[in-house]
Amino acid sequence: MTEHYDLHCHSTASDGALSPTALVQRAHQCGVTSLALTDHDTVAGLNEAQAAADTVGIKLIPGIELSTSWQNKCFHIVGLGINPMHPPLAEATRNLQLMRIERAEKIAAKLEKKRIFGALEAVKTAAGDGMITRSHFADFLVSQFHVSTHQDAFDRYLGSGKDAYVATAWAELELAISWISESGGVAVLAHPLRYNLTASWVKRLLTAFKEAGGAGIEVVTGRCNSDEIKLVARYATHFDLAGSVGSDFHNPANQWVELGRLAPLPENIKPIWELLN
Ligand code: AMP
Ligand code: MN
Ligand code: MN
Ligand code: MN
């Protein structure tokens, strides 16, 4: 049987709309045979996802998407095949949850200065036991008619440099990669074209990423065209990185991104799943 991989998606443990169970069921219906659940800075959805994967008969790869800082910029590192119980990784997720609560309080305070009230209570309720993210704030701003779309919420309030933006010192890139590697997983640079980097920054970042033990890069994402795939495939080849494929699925309401709806990995790129045990 040929495997069908989707190695990047989110559940209600972070900013996804579906529970881990519903997400796994949907992935199965979409033809995915190997799914990595990669919630932002948390492994809290993995047990439920594993039980659902056993029930429907697909393979679950334990994952995480870590928020990291490098040269004062934020980069997302997906860990695949991690051991969620590895003590440094488990401790990191506890710290990240506290950082996210503190950041949420600061974002809410900035929104109050713009006479937008009630955000903190709303995002805490929406996130429940899961990680609070800027997506939760965007949902709140849309629901209260402060903006009309999610994108507007980032463009007007939540995006870098906007009124309610709070710069955050995430874990250093090298440290985050070590948590992933030492737990038995492989580190993958998520959505490399979403950081708006110049070519020289790409070169510096990928050099540092590789030196720190980074193993792969997302060559195929949920919304990319063939030119973008070719460009990232060139990065993979040049920096000797394996290629990953992941939709970054969050919400069935987004018709542009679906679980497993991914172009094939170019044949000359080493697949990241060959590095997973
Ligand atoms: P956080 O990790 O809390 O900063 O939230 C980041 C999440 O917000 C990302 O994973 C996306 O789901 C979402 N996000 C970030 N930037 C944008 C944007 N410009 N438009 C829409 N969603 C975004
Ligand atoms: Mn997200
Ligand atoms: Mn991301
Ligand atoms: Mn993601």
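Two strands count as paired when DSSP finds at least two bridges between them. With that in hand, here are some close-up views of this predicted model.

**View 1. The hairpin of β3 and β4.**
Let us start where β3 and β4 form a hairpin, with two residues between them. In the turn sits Q71, which has a positive phi of about 55°. The strands β3 and β4 (residues 73-80) run antiparallel and pair over eight bridges. To find one of these pairings, look for S67, whose bridge partner in β4 is H76.

**View 2. The other partners of β3.**
Strand β3 spans residues 59-70, and 10 of its 12 residues are buried, so look for a strand that is mostly covered. Strand β2 (residues 34-37) pairs with β3 in the parallel sense over four bridges. Here A36 has I61 of β3 as its bridge partner. Strand β5 (residues 171-172) also runs parallel to β3, and two bridges join them. One place to see this is T68, whose bridge partner in β5 is A171. As you follow a strand, it helps to know that in a regular strand the side chains alternate between the two faces of the sheet.

**View 3. The manganese ion (ligand 4) and its donors.**
Which protein residues act as donors to the manganese ion (ligand 4)? They are H8 (NE2), H10 (NE2), E65 (OE) and D248 (OD), and they lie 2.1 to 2.2 Å from the ion. Along the sequence these donor residues are spaced H-x1-H-x54-E-x182-D. H8 belongs to the loop between β1 (5-6) and α1 (20-29), while D248 is in the segment after β8 (242-246), so this pair ties together parts that are 240 residues apart in sequence. H8 is buried, with a relative accessible area of 0%. D248 is buried too, with a relative accessible area of 10%.

**View 4. The manganese ion (ligand 2) and its neighbours.**
The manganese ion (ligand 2) is coordinated at 2.1 to 2.2 Å by D15 (OD), H40 (NE2) and H250 (NE2). Their spacing along the chain is D-x24-H-x209-H. D15, in the loop between β1 and α1, and H250, in the segment after β8, link distant parts of the chain, 235 residues apart. Are these two residues buried or exposed? D15 is buried, with a relative accessible area of 14%, whereas H250 counts as partly exposed at 23% relative accessibility. Turning to the neighbouring ions, the manganese ion (ligand 4) is 4.6 Å from the manganese ion (ligand 2), and 5.6 Å separate the manganese ion (ligand 2) from the manganese ion (ligand 3).

**View 5. The manganese ion (ligand 3) and its donors.**
Around the manganese ion (ligand 3), E65 (OE), H76 (ND1) and H191 (NE2) coordinate at 2.1 to 2.2 Å. In sequence, these donors follow the spacing E-x10-H-x114-H. E65 lies in strand β3 and H191 in the loop between β6 and α8 (199-211), so the pair ties together parts that are 126 residues apart in sequence. Both E65 and H191 are buried. You have met E65 already, as one of the donors of the manganese ion (ligand 4).

**View 6. Strand β7 and its pairing with β6.**
Why is strand β7 (residues 216-221) described as largely enclosed by the rest of the structure? Six of its six residues are buried, so little of this strand is left uncovered. Strand β6 (residues 186-189) pairs with β7 in the parallel sense over two bridges. At this pairing, V188 stands opposite G216 in β7.

**View 7. The nonpolar cores.**
The largest nonpolar core has 69 residues, and L35, L80, L189, I217 and V219 are those with the most contacts inside it. Take L80 as a guide: leaving aside its neighbours within four places in sequence, its contacts include L7, A36, I61, V186, V188 and I272. Apart from this core lies another, of 20 residues, among them A104, I107, V123 and A153.

**View 8. Helices α3 and α4 together.**
The axes of helix α3 (residues 87-113) and helix α4 (residues 119-127) come within 8 Å and cross at roughly 140°. On the α3 side, A104, E105, A108 and L111 take part, and they meet A119, L120 and K124 in α4. By class, this contact has five nonpolar, no polar and two charged residues.

Conventions:
Residues numbered from 1 in each chain as written. Chains lettered and ligands numbered in written order. Predicted model: local features only at pLDDT ≥ 70, side-chain atom pairs only at ≥ 80, totals over all residues. Heavy atoms only, no water. Donors = N, O, S within 2.8 Å, 3.2 Å for Na, K, Ca; no water. Buried < 20%, exposed > 50% of the residue type's maximum accessible area, 1.4 Å probe, protein only. Axes fitted to C-alpha atoms, helices over the stretch in contact; angles between N-to-C directions. Contact = heavy atoms within 4.5 Å. Nonpolar A, V, L, I, M, F, W, Y, C, P; charged D, E, K, R; others polar. Core = buried A, V, L, I, M, F, W, Y, C linked by side-chain atoms within 4.5 Å.
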